[in-house]
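Biologist: Could you take me through one part of this model closely? I'd like to hear about the main pocket and the helix that helps line it, and then whatever around them deserves a look.

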Amino acid sequence: MAPRWPNFCAQPVDDVAQGLIGITLTVDGVGGIIVETEAYDAADPASHSFAGRTARNAAIFGPVGHAYVYRIYGLHHCLNIVCGTPGSAVLIRAIEPQHGIDSMLERRGIARPIRELCAGPGRLCAALGIDMALDGASLDRPPFLLEDTDTVPDIMTGPRIGITKATDRPRRFGLRSSPWLSRPFPGSN
């Protein structure tokens, strides 16, 4: 990534969540353009950090620019980038697959079409081979690679999805008109 990493991650979580849109994320050369994120912080009742530090969420209280990986429903992994104040992280919800598509398809055990290959945090982690072994890993070192963009993305904002608390907060960010989002934004049709 550009020299702004990890200082970029030291910003407020909402700024980082928006700033990640359009950046290319790869893990061992497999990945694509980040098209959807969600922001969480320690004051947010929907955040894993809201009740304080535990063994399970220790990485979200760790250094900025590192991964916080957790498991949901006992099946799927989710990738977050630790940022801002302690307990803040950005959930990577979706990418536009561009690199290593055959590897992604094999990992997911699916065939084309690829529209939903990385649409959703669990699908994304399965496709990129992200699991608990990467919890706490620095995102500015292999196997991760983040590459900046020269273009300024057109970003949409809306309520987060897949949560039961603080659902009305506009902390979900996405690349406008992207067919790779996990779900459309309200009013985007």
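Modeller: Here is a walk from the pocket to the helix, then to the cysteines and a few residues elsewhere in the chain.

First, a word on confidence. This is a predicted model, and its mean pLDDT over the chain is 89, with 95% of the residues scoring at least 70. Among the elements, β1 has the highest mean pLDDT, 97, and β3 the lowest, 91. Keep β3 in mind, since that strand gives the largest share of the pocket lining, 4 residues.

Now the pocket itself. The largest pocket holds about 690 Å³ of space. It is lined by 29 residues, and those closest to its centre are Y70, I72, Y73, P121 and G162. Which elements supply at least two residues each of the lining? They are the strands β2 (30-40), β3 (67-72), β4 (76-83) and β5 (88-99), together with the helix α3 (121-128). As for chemistry, the lining splits into 13 nonpolar, 9 polar and 7 charged residues.

That brings us to α3, the helix you asked about. Is α3 mostly covered or mostly open? Mostly covered: 6 of its 8 residues are buried. The buried ones are P121, G122, L124, C125, A127 and L128. P121 turns up on both counts, as a buried residue of α3 and as one of the residues closest to the pocket centre. What do the buried residues of α3 pack against? Their partners are the strands β1 (24-27), β2, β4 and β5, plus the helix α2 (101-108). Of these partners, β2, β4 and β5 also appear among the elements that supply at least two lining residues each. Right after the helix, G129 has a positive phi of about 75°.

C125 deserves its own stop. You might ask how many disulfides a search of the whole structure finds, and the number is 0. C78 is not in a disulfide, and the nearest cysteine sulfur to it, that of C125, is 6.0 Å away. Why is there no bond for C125? Its closest cysteine sulfur is the one in C78, and 6.0 Å is too far for a bond, given that a disulfide needs the two sulfur atoms within 2.5 Å. Both cysteines are tucked in, though: C78 counts as buried because its relative accessibility is 1%, and C125 counts as buried because its relative accessibility is also 1%.

Next, two buried residues from elsewhere in the chain. V16 sits in helix α1 (residues 13-19) and counts as buried because its relative accessible area is 0%. Setting aside neighbours within four places in sequence, V16 is in contact with F8, C9, Q11, C83 and V90. V16 and I81 are 65 residues apart in sequence, while their C-alpha atoms are 9.0 Å apart in space. R171 is in the loop between β7 (155-158) and β8, and R171 is a charged side chain by class that counts as buried because its relative accessible area is 8%, under the 20% cut-off. Leaving out neighbours within four places, R171 is in contact with V13, D14, T37, E38, A39, Y40, D41, D44, G158 and R160. V90 comes back here: R171 and V90 are 81 residues apart in sequence and 9.7 Å apart in space, C-alpha to C-alpha.

Finally, some backbone details to check by eye. D28, in the loop between β1 and β2, has a positive phi of about 50° although it is not a glycine. Is D28 buried or exposed? D28 is exposed, because its relative accessible area is 62%, and the cut-off is over 50%. S177 is another residue other than glycine with a positive phi, near 70°. S177 is found in the segment after β8 (172-175) and counts as exposed because its relative accessibility is 68%. The last one to look at is the peptide bond joining P142 and P143, which is cis, with omega about 15°. P143 lies in the loop between α3 and β6 (144-147), which takes you back to the helix where we began.

Definitions and conventions:
Residues are numbered from 1 along each chain as its sequence is written. This is a predicted model: local features need pLDDT of at least 70, side-chain atom pairs count only at pLDDT 80 or more; totals for chains, interfaces and linings use all residues. Side-chain values use heavy atoms; hydrogens and water are left out. On a 1 Å grid over the protein atoms alone, a cavity is a set of points where a 1.4 Å probe fits but cannot get out, and a pocket is an open set with protein on both sides within 12 Å along at least five of seven lines; lining residues have an atom within 4 Å of a point. Grid points are joined across faces, edges and corners, and a volume is the space filled by probe spheres set on the points. Buried means under 20% relative accessible area, exposed over 50%, partly exposed in between (1.4 Å probe, protein chains only). Contact means heavy atoms within 4.5 Å. pLDDT is the predictor's confidence in each residue, from 0 to 100.
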